[in-house]
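Work through the exercises below with the sequence and the model open. Try each task before reading its solution.

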Amino acid sequence: RKGTAVITGASSGLGLATAKALADTGKWHVIMACRNFLKAEKAAKFVGMSKEDYTVMHLDLASLESVKQFVDSFRRTERPLDVLVCNAAVYQPTAKEPSFTAEGFELSVGTNHLGHFLLSRLLLDDLKQSDYPSKRMIIVGSITGNTNTLAGNVPPKANLGDLRGLASGLNGQNSSMIDGGEYDGAKAYKDSKVCNMLTMQELHRRYHEETGVTFASLYPGCIATTGLFREHVPLFRLLFPPFQKYITKGYVSEEEAGKRLAQVVSDPSLGKSGVYWSWNNNSSSFENQLSKEASDAEKAKKLWEVSEKLVGLA
Ligand code: NDP
């Protein structure tokens with residue numbers, strides 16, 4: 001049978017390119033889990049996906065209620081869940097003030113981390129029940145949260161501190177930043193990506209042996225043309241793609257990045273659990289090292305416990 005992969009944020013950028021790459025193999029049915037139904041439907045048509053290869057379903061990660069509704073609707077389709085890809089993200093580098101999710105969490109961490117945290121915990125049961133030979137859960141990470149890299153050292157750097165801001169609700173009353181500091185939109189995004197990478201490793205430690213599910217993260221390369229940079233100043237958006245292409249040489253096209261993520265979904269040689277995948281300049285994959293903070297097992301455990309409380313699982 002065809003595999004079923006749920007991809008969050010498949011209406012643009014990396015998520016869309018991955019959905020297209022998987023659909024093109026003829027071996028996958030992709031559930032495009034998106035907040036904007038019409039945009040997702042148009043995007044699928046635009047890249048030439050055929051109707052039998054995808055289903056658009058509503059998911060707004062900035063609402064825990066929507067996450068629960070998505071899980072219910074997915075279960076009603078009676079499709080098995082073989083692979084979950086947590087890909088969606090918001091990035092607000094120029095925001096002066098924080099904005100908040102439906103439950104009142106700072107938007108970047110609320111969407112990128114807490115929404116996906118609840119989604120992945122609820123759908124783990126569905127993954128367990130699938131009889132697919134290689135079941136996987138993938139959370140898209142980033143180089144920017146990894147302070148052991150050049151890109152990860154561009155200020156403001158990711159830092160979760162002792163998680164005091166998160167533990168106090170991340171609602172702007174005490175703080176809207178995980179470390180309890182002043183709001184900084186670029187840092188909030190990087191922090192959320194560290195959370196994504198820590199969550200993947202904690203899932204691996206807790207569930208890989210028991211369930212056989214492969215948990216993985218990746219940095220697909222700098223896809224400088226996606227909608228992620230939509231809120232950046234115009235000059236940045238103009239100069240960032242050529243800068244990445246010619247100066248850092250970290251640039252990848254959306255199509256190439258989509259192929260990379262599709263490999264993590266289905267390539268038999270990328271089936272190892274607990275790995276953060278990256279690609280070198282000739283596009284071959286390798287197991288990359290995470291920064292000290294992004295591989296801190298103590299912090300991963302604490303993040304797990306605090307996040308469980310915030311999303312109502314504990
Ligand atoms: P895009 O902005 O193109 O895609 C982000 C997707 O997330 C969109 O489909 C967007 O939906 C969706 N989304 C945002 N908020 C929500 C929400 N509340 N509920 C549901 N979906 C939501 O960016 P990219 O493709 O670049 O980003 C994809 C992933 O890649 C992210 O995890 C990002 O951190 C990661 N990444 C990107 C890099 C890059 O260089 N671009 C580098 C490293 C990692 P909508 O279309 O409705 O806006």
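Buried means under 20% relative accessible area, exposed over 50%, and partly exposed in between, with a 1.4 Å probe and protein chains only. This is a predicted model, in which local features need pLDDT of at least 70, side-chain atom pairs count only at pLDDT 80 or more, and totals for chains, interfaces and linings use all residues. Residues are numbered from 1 along each chain as its sequence is written, and side-chain values use heavy atoms, with hydrogens and water left out.

**Exercise 1.** Classify Pro-156 by accessibility and describe its surroundings.

Solution.
- Step 1: locate the residue. Pro-156 sits in the loop between strand 5 and helix 5. Helices (H or I, at least four residues) and strands (E, at least two) are DSSP runs, numbered from the N terminus.
- Step 2: apply the cut-offs. The relative accessible area of Pro-156 is 23%, so Pro-156 is partly exposed.
- Step 3: check the backbone. The peptide bond from Pro-155 to Pro-156 is cis, and omega is near -5 degrees.
- Step 4: list contacts, meaning heavy atoms within 4.5 Å. Residues up to four places away in sequence are not counted; Pro-156 then touches Asp-184, Ala-186, Lys-187 and Lys-190.

**Exercise 2.** Is Lys-187 buried or exposed? Find the partner of its side chain.

Solution.
- Step 1: Lys-187 belongs to helix 6 (residues 185-211).
- Step 2: its relative accessibility is 10%, so Lys-187 counts as buried.
- Step 3: look for a polar contact. This is a pair of N or O atoms within 3.5 Å; within protein, one must be able to donate a hydrogen and the other to accept it, and residues adjacent in sequence count only if both atoms are side-chain atoms. A polar atom of the Lys-187 side chain lies 2.9 Å from the backbone oxygen of Asn-159.
- Step 4: set aside neighbours within four places in sequence. Lys-187 is in contact with Pro-156, Lys-157, Asn-159, Met-177 and Asp-179.

**Exercise 3.** Place Ser-175 and find which backbone atom its side chain approaches.

Solution.
- Step 1: Ser-175 lies in the loop between helix 5 (164-167) and helix 6.
- Step 2: Ser-175 is buried, at a relative accessible area of 5%.
- Step 3: a polar atom of the Ser-175 side chain is 3.0 Å from the backbone nitrogen of Met-177.
- Step 4: beyond neighbours within four places in sequence, Ser-175 contacts Gly-165, Leu-170, Gly-180 and Gly-181.

**Exercise 4.** Describe how helix 4 packs with helix 9.

Solution.
- Step 1: take the geometry. Helix 4 (residues 107-129) and helix 9 (residues 297-310) pack at about 90 degrees, with axes 10 Å apart. Axes are lines fitted to C-alpha atoms, for helices over the stretch in contact, and angles run from 0 to 180 degrees between N-to-C directions.
- Step 2: name the arrangement. Helix 4 and helix 9 are therefore roughly perpendicular (65 to 115 degrees).
- Step 3: list the residues. His-113, Leu-114, Phe-117 and Arg-121 of helix 4 meet Leu-303, Trp-304, Ser-307, Glu-308 and Leu-310 of helix 9.

**Exercise 5.** Which residues have a positive phi although they are not glycines? Treat Glu-78 and Ser-283.

Solution.
- Step 1: Glu-78 has a phi of about 60 degrees. Glu-78 is in the loop between helix 3 (64-76) and strand 4, and is exposed at 73% relative accessible area.
- Step 2: Ser-283 has a phi of about 65 degrees. Ser-283 is in the loop between strand 7 and strand 8 (285-287), and is partly exposed at 31%.

Key. Angles under 35 degrees count as roughly parallel, over 145 as roughly antiparallel, 65 to 115 as roughly perpendicular and the rest as oblique.
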